[in-house]
Amino acid sequence: MLSQAVSILEVLAGKMAMGAEVVVQGWVRTRRDSKAGISFLAVTDGSCFHPLQIIAPNTLPNYESTVLHLTAGCAVRVTGTLSASPAKGQAVEVQATDIELIGDVENPETYPISPKHHTVEYLREYAHLRSRTNLIGAVTRVRASLSYAIHRFFHEHGFYWLPTPIITTSDCEGAGQMFRVTTLDLAHLPKTPEGQIDYAQDYFGKESFLTVSGQLNAESYAMGLSKVYTFGPTFRAENSNTSRHLSEFWMIEPEMAFADLNQIAELAENLLKFIFKVVLQERPDDMTFFEKQVDAKCIERLDHFIHEPFVHLDYTEAVEILLKAKKKFEFPVHWGADLQSEHERYLAEEYVGRPVVVKNYPKEIKAFYMRMNDDGKTVAAMDVLAPGMGEIIGGSQREERLAALEKRIVELGLDLKSYEWYLDLRRYGSVPHAGFGVGFERLMGYITGVANIRDLIPFPRTPKNARF
RNA sequence: UCCCCGAUAGCUCAGCCGGUAGAGCAAGUGGCUGUUAACCACUGGGUCGUUGGUUCGAGUCCGACUCGGGGAGCCA
């Protein structure tokens with residue numbers, strides 16, 4: 001019985017002949033009754049954006065007992081005949097010969113997902129049921145399509161996927177606050193004779209954390225496989241409460257040997273253009289929904305992006321632009337200061353109107369591993385700033401010269417000993433190399449126009465919230 | 001963590017100068033119709049986030065707390 005069923009996607013895509021018998025399974029969205037002796041059911045199974053219209057005639061043996069009591073959320077299996085729809089709104093429909101109630105809705109009055117509009121805030125409270133909504137269904141399908149496109153892009157460009165570890169004992173990744181991983185009994189912590197917590201007794205024999213970046217590991221493998229990328233979950237423990245921040249999110253980090261900053265800027269541009277094209281091709285139904293209900297500009301924005309070259313600015317130029325801007329900024333702009341959100345927004349949203357690459361930042365505001373430029377003042381870093389989402393990509397050419405890297409580590413007061421394995425990469429066959437990190441959910445936000453990153457991942461983890 | 005805003009029916013919201021609560025949708029019943037978030041009528045549904053205070057009287061005013069949102073910082 002189950003094996004006969006087809007997805008609604010297959011039915012609506014025209015893969016079945018008119019008059020064919022079909023079996024579909026899904027959840028009822030709406031029911032409308034007609035005294036002409038039929039009921040209309042909109043049934044969705046999530047395989048595509050559009051629901052399938054089912055015609056349920058009152059001659060069905062369970063019409064009175066079951067069909068007339070179907071409400072939003074009921075799970076049904078429908079057997080029927082595929083036919084052309086005489087009314088507007090859908091090309092095909094199914095004339096049901098059997099409707100089986102698989103899962104009832106216990107109390108229709110309290111079923112949280114009504115066919116009416118719900119706010120995204122409300123849906124977050126029902127993250128376990130929100131996958132049945134148009135919005136979250138569309139987000140999830142686009143997300144899957146995007147993930148696959150990313151793997152495909154790298155695969156086709158000779159990059160090897162590298163699953164870097166999620167648990168790390170390296171507390172020097174420097175990219176953010178870390179979540180501790182421990183098996184110690186927090187109520188009875190072992191102490192050293194000096195009174196410190198004795199991590200030698202912890203599971204890994206030293207302090208361990210969830211990764212904030214796979215970059216350092218990726219650099220290691222780029223020194224052997226030339227082109228690698230990570231794509232996996234990443235954890236940041238900042239007490240950050242904004243529409244752009246998740247405690248657990250996904251990041252893509254390509255790392256390329258024998259490459260400089262401009263080459264990875266080009267790689268970033270090609271990557272974005274490729275994946276945007278794929279999403280537009282593979283998910284026109286969902287993107288049309290976003291355009292109608294979420295962000296009228298989302299498709300136009302991607303189209304425009306695909307056909308325009310990246311705008312590159314040097315940090316120094318960006319500062320000059322900001323100084324000349326007529327807009328009043330809360331925080332003054334001067335060379336050497338990090339760009340504030342309002343500055344990034346001005347550059348991406350007003351000055352350029354789409355993502356912009358800012359390169360060569362002052363060394364003081366960037367990480368130790370970024371390659372020192374010849375001016376001795378700036379490092380070969382780049383950020384891609386997207387309107388509405390802020391920094392979606394951050395990358396750099398890495399310092400491949402042993403002496404220069406050691407100097408930076410010491411200058412910043414970091415412990416050379418902790419970086420021994422990382423320094424080894426500079427001792428044995430070091431080459432110029434570069435890479436960047438893409439915030440996957442931020443990218444989703446740019447594509448779909450969905451404003452809050454918490455609606456772009458299935459079960460968002462944020463400060464004070466790890467439900468479900 | 002900081003600043004601002006909010007919390008009233010299952011959902012989205014209204015509720016004016018303090019006088020014990022209202023709409024639309026959803027649900028139930030009936031009517032009508034190859035319908036498209038259908039439509040029409042009726043019905044049920046609320047200790048107004050929690051807690052303390054002011055007051056004869058608090059959804060309304062004040063304090064604290066909890067949760068949510070926007071922004072900042074942090075970050076991708």
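**Figure 1. The largest nonpolar core, with 56 residues.** Phe276, Met287, Phe290 and Leu443 make the most contacts inside this core. The model shown here and in the other views is predicted. Helix 5 (residues 261-282) supplies the largest share of the core, 12 residues. Another core lies apart from it and holds 31 residues. Among the members of that other core are Val319, Val333, Val379 and Tyr419.

**Figure 2. Contacts around Leu443.** Leu443 is one of the residues with the most contacts inside the largest nonpolar core. Neighbours within four places in sequence are left aside here. Leu443 then touches Leu146, Ile150, Leu272, Ile275, Phe276, Ile392 and Val438. Of these partners, Phe276 is also listed with Leu443 among the residues richest in contacts in that core.

**Figure 3. The protein surface near RNA strand B.** The strand has 50 residues around it. Lys88, Glu93, Arg124, Gln340 and Arg442 come nearest. By class, the surface divides into 15 nonpolar, 19 polar and 16 charged residues. Several elements each supply at least two residues of this surface. Among the strands are strand 1 (21-34), strand 2 (38-44), strand 3 (52-57) and strand 5 (92-103). Strand 11 (248-257) and strand 15 (390-398) also belong to this group. Two helices do as well: helix 2 (120-125) and helix 9 (341-352).

**Figure 4. Polar atom pairs between protein and RNA strand B.** Which parts of the RNA lie within 4 Å of the protein? Sugar or phosphate accounts for 48% of those RNA atoms, and bases for the rest. At a base, an oxygen of RNA strand B sits 2.7 Å from a polar backbone atom of Lys35. At the phosphates, side chains take part. An N or O atom in the side chain of Thr119 is 3.3 Å from a phosphate oxygen of RNA strand B. For the side chain of Ser243, the corresponding distance from an N or O atom to a phosphate oxygen is 3.2 Å.

**Figure 5. The salt bridge between Arg180 and Glu207.** Side chains of opposite charge can pair when their charged atoms come close. In this pair the N to O distance is 2.9 Å. Why does the pair tie together separate parts of the sequence? Arg180 lies in strand 8 (residues 180-181) and Glu207 in the loop between strand 8 and strand 9 (208-210), so the bridge joins parts 27 residues apart in sequence. Arg180 has 42% relative accessibility and therefore counts as partly exposed. Glu207, at 27%, also counts as partly exposed.

**Figure 6. A salt bridge within helix 10: Lys407 and Glu411.** The closest N and O atoms of the pair are 3.5 Å apart. Both residues lie in helix 10 (residues 402-411). They are 4 residues apart, about one turn of the helix. Is Lys407 buried or exposed? Lys407 is exposed, with a relative accessible area of 55%. Glu411 is partly exposed, with a relative accessible area of 41%.

**Figure 7. Further salt bridges.** The whole structure contains 26 salt bridges. One of the pairs is Arg427 with Glu420, whose closest N and O atoms are 3.1 Å apart. Arg427 is partly exposed, with a relative accessible area of 32%. Glu420 counts as partly exposed, at 36% relative accessibility. Elsewhere, salt bridges link Arg141, Arg283, Asp285 and Asp286 in a network.

Terms used: Residues numbered from 1 in each chain as written. Chains lettered and ligands numbered in written order. Predicted model: local features only at pLDDT ≥ 70, side-chain atom pairs only at ≥ 80, totals over all residues. Heavy atoms only, no water. Near = heavy atom within 4 Å. Polar contact = N/O pair within 3.5 Å; in protein donor to acceptor, adjacent residues only side chain to side chain. Nonpolar A, V, L, I, M, F, W, Y, C, P; charged D, E, K, R; others polar. Core = buried A, V, L, I, M, F, W, Y, C linked by side-chain atoms within 4.5 Å. Buried < 20%, exposed > 50% of the residue type's maximum accessible area, 1.4 Å probe, protein only. Contact = heavy atoms within 4.5 Å. Salt bridge = Lys/Arg side-chain N within 4 Å of Asp/Glu carboxyl O.
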